[in-house]
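Reader: I should like to request a close look at a single part of this model, set in its wider context.

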Amino acid sequence: NFPNLTLSDARVTILINQPVNTAIVQILATDTDATHNGQVSLSLLSATNGMLSYFSIGTDDREIVVTRPLNSSQSRSTVLQILAADNGQPMKRTIRSLTVDVDDLNIYPPMFSLDDFNFTFTHLVPVEYRLFSVPAMDLDVNPQLTYAFAGGEHENLRIDNTSASVHLVVNYDLREVYNF
């Protein structure tokens, strides 16, 4: 009989600062053959993106562990090929895949270039006109910023959630003063 290879998950996510020797997934490997033929050994066959040396399988606990510190220059994902082989003659094998996603840390808060943004515009500005931009920067690796007004939607302005562009969404009467 072929070995039965079961993973607790087919895809796991770990942090980029995952400590060495930390288990990321448990493997269950069984074989219905009796005695010596039913003993199953596990190994990692391959890993995409050159990441094979960053993982290993414990022979006793059958856990995949991180073997080396990960860093931000490596791929954000790898697929490990896991082999289960029995001791029969001929040897029978089963292969399963495990996708490991590596997630960045969010250490630094986004920062705006200014504490306050003030602007003035004339009554000739058309609706949906881009008034200005309020970009922020984030020192984390591969930051993905999303922009919104603090306190929710604004009745007169709209902010693009990816570009930080602020747009006018209503016409204004010159006889009134507007402060934002």
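Is Ala 164 buried or exposed?

Author: Ala 164 is buried, with a relative accessible area of 0%; buried means under 20% relative accessible area, exposed over 50% and partly exposed in between, for a 1.4 Å probe and protein chains only. The model is predicted, so local features need pLDDT of at least 70 and side-chain atom pairs count only at pLDDT 80 or more, while totals for chains, interfaces and linings use all residues. Residues are numbered from 1 along each chain as its sequence is written, and side-chain values use heavy atoms, with hydrogens and water left out.

Ala 164 is found in the loop between β12 (157–159) and β13 (165–168); strands (E, at least two residues) and helices (H or I, at least four) are DSSP runs numbered from the N terminus. Although Ala 164 is not a glycine, its phi is positive, about 70 degrees. Asn 49, likewise not a glycine, has a positive phi of about 60 degrees and sits in the loop between β4 and β5. In the loop between β7 and β8 lies Pro 90, which a cis peptide bond with omega of about 0 degrees joins to Gln 89.

As for the wider context, the largest nonpolar core has 26 residues; such a core is a set of buried Ala, Val, Leu, Ile, Met, Phe, Trp, Tyr and Cys residues joined through side-chain atoms within 4.5 Å. Leu 98 and Ile 24 are among the residues with the most contacts inside this core. A second, separate core of 11 residues includes Val 134, Ala 136, Tyr 147 and Ile 159.
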